[in-house]
Protein chains: 2
Amino acid sequence: MTRAPQKRRLVTRARLLEAAQNLIAEKGHDALRVEDVVAKAGVAKGTFFSHFEDKDRLLSEIIGADMHASLEKMAAQQPATIQKMADAHQPYFDVIAQNRTTVDVTVRYSGAAAIEDLGPITMAFGRHLDVVADWMENMPAGQLRTDLDTAFLAEGIQAFAVQAIALNFCALHSSVEISDRFRAYLEAWLAPSR
Amino acid sequence: MTRAPQKRRLVTRARLLEAAQNLIAEKGHDALRVEDVVAKAGVAKGTFFSHFEDKDRLLSEIIGADMHASLEKMAAQQPATIQKMADAHQPYFDVIAQNRTTVDVTVRYSGAAAIEDLGPITMAFGRHLDVVADWMENMPAGQLRTDLDTAFLAEGIQAFAVQAIALNFCALHSSVEISDRFRAYLEAWLAPSR
DNA sequence: TTACAAAAATGACCACGGTCAATATAAATT
DNA sequence: AATTTATATTGACCGTGGTCATTTTTGTAA
């Protein structure tokens, strides 16, 4: 039986997260250094690693929270068409595709390391599935293919979201074109004309 | 105008690659250390980085070659059904999903860094698109949806391949189940019943 | 209060990827 | 053959992520 953490620990953790967020806001995810974080937070280096198993885990904590926030914005909507579903993903793409680091970390954590401790990014990916499945359940009839359940369709949407982001980074396209590509994929996936 | 490299340089490069391949065969991709590679190859550390911009680039060179080999096996076939298309991907999955490192590197290099110098993994991804597009061009009629061209359908296949691999690592499924999942995706993507 | 055990924090230390001015070797020029 | 120029290699050095035995702090029970 593990005990509840002392409040001191929670304070330290919050300090570390806040320091990291400020540094990211200043210099971007790529330039984040653990030593800078601990210096700003006023703790020792070892403390950092007693709170986060590695640097990527801290990043995943922050990026995961951002993803979650954008997903809640999405969940508050109910797009009526496939096109609008695609468009509603914009805030989500904005978070994931900020830069190479965010893309890398997102992808790495999309497959969870441990089963027990699903990271925040893994959770966010799960939430994404739920959100789009829910959208599809409540969409005006006749637009979606009916041969597959919404959970399966949602998996496909996730695959296309990742693809759109990856291809965007490949050809150095702008963020706008992510959604162009994504829109075409969704149309083809969700409303095939055979 | 850049000159041709001296043969000495080519020899050194080959030595480095061979040393790396042997070490990977012994201990796996994860345990590869640059210092071990240069020791085995009998060169200085700096030499390594004059041949490969970083460690990941060396890995991408080796994994990319493996991917290419498996793709040529695939290209030599002509599956007659969607199911067989999916099954024919097995050697490709075996290369990419060997372990976490191969998956990470593959994904990272799927989006090329520079435009000039497309890495071997990026090239392999491109080859994959060609191979499956070619399969679809030469398949017995009536199986595939006709509303989209094969190049676009190929992009979707790629997206689903990545998704199948990623989900496999997420839930810690076995390699067998990658292709199960992939088969379902392909059927739904290529032959929707609306 | 004091004593004590569990939790938290510390910082010297290590591992390893990556850099770069200096050196050695090969090719080109006289 | 001697000199010069381009190419290839070297290895000491650095930055930064991550470890762990030790010390400090906190909650608790006598």
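How many nonpolar, polar and charged residues does the surface near DNA strand C have? Some notes on that, and on the rest of the model, follow.

1. To take the question right away: by class, the surface near DNA strand C breaks down into five nonpolar, seven polar and ten charged residues. Keep in mind while reading that this is a predicted model.

2. Who sits around DNA strand C? There are 22 residues around this strand, and the ones that come nearest are Thr12(A), Val43(A), Ala44(A), Gly46(A) and Gly46(B). Both chains take part: H1 and H3 of chain A, plus helix H2 (34-41) and H3 of chain B, each put in at least two residues. H3(A) gives the most here, with four residues.

3. Now the other strand. DNA strand D is surrounded by 23 residues, and the closest are Gly46(A), Pro5(B), Thr12(B), Val43(B) and Gly46(B). Gly46(A) is thus listed among the nearest residues for strand C and among the closest for strand D, and Gly46(B) likewise has a place in the list for strand C and in the one for strand D.

4. On the strand D side, the elements that each supply at least two residues are helix H1 (7-27), helix H2 (34-41) and helix H3 (45-51) of chain A, along with helix H1 (7-27) and helix H3 (45-51) of chain B. H3(B) gives the most to this surface, with four residues. By class, the surface near strand D holds five nonpolar, seven polar and eleven charged residues.

5. One residue of helix H3 of chain A that I'd look at is Phe49(A). Is Phe49(A) buried or exposed? Neither label fits: Phe49(A) has 15 other C-beta atoms within 10 Å, so it counts as partly exposed. Its C-alpha atom is separated by 48 Å from that of Arg145(A), and the two residues are 96 apart along the chain.

6. Stepping back to chain A as a whole: the chain has ten helices and zero strands. Read from the N terminus on, the order of elements is α-α-α-α-α-α-α-α-α-α. The C-alpha trace spans about 60 × 45 × 25 Å along its principal axes. Of the 194 residues, 35% count as buried. Among the contacts in chain A with a separation of 6 or more, 63% come from residues 24 or more positions apart.

7. How is chain A divided into domains? The domain assignment gives domain 1 (1-52) and domain 2 (55-190). The contact between them takes nine residues from domain 1 and ten residues from domain 2. On the domain 1 side, H1(A) has the largest share, four residues. That side of domain 1 is made up of five nonpolar, three polar and one charged residue. The centres of the two domains, taken over C-alpha atoms, are 28 Å apart.

8. Last, helix H8 of chain A, residues 120-137. The helix has 18 residues and reaches 25 Å from its first C-alpha to its last, close to the 26 Å expected at 1.5 Å a residue. Its buried residues are Ile121(A), Ala124(A), Phe125(A), His128(A), Val131(A), Val132(A), Trp135(A) and Met136(A). Why do these residues line one face of the helix? Viewed down the axis of H8(A), the buried residues fall within an arc of 130°, so one face of the helix carries them.

Technical notes. Residues numbered from 1 in each chain as written. Chains lettered and ligands numbered in written order. Predicted model: local features only at pLDDT ≥ 70, side-chain atom pairs only at ≥ 80, totals over all residues. Near = placed C-beta within 6 Å. Nonpolar A, V, L, I, M, F, W, Y, C, P; charged D, E, K, R; others polar. Domains from an automatic or database assignment. Contact = placed C-beta atoms within 7 Å. Expected span 1.5 Å × (residues − 1). Buried ≥ 20, exposed ≤ 12 C-beta atoms within 10 Å, placed from the backbone. Arc of directions from axis to C-beta.
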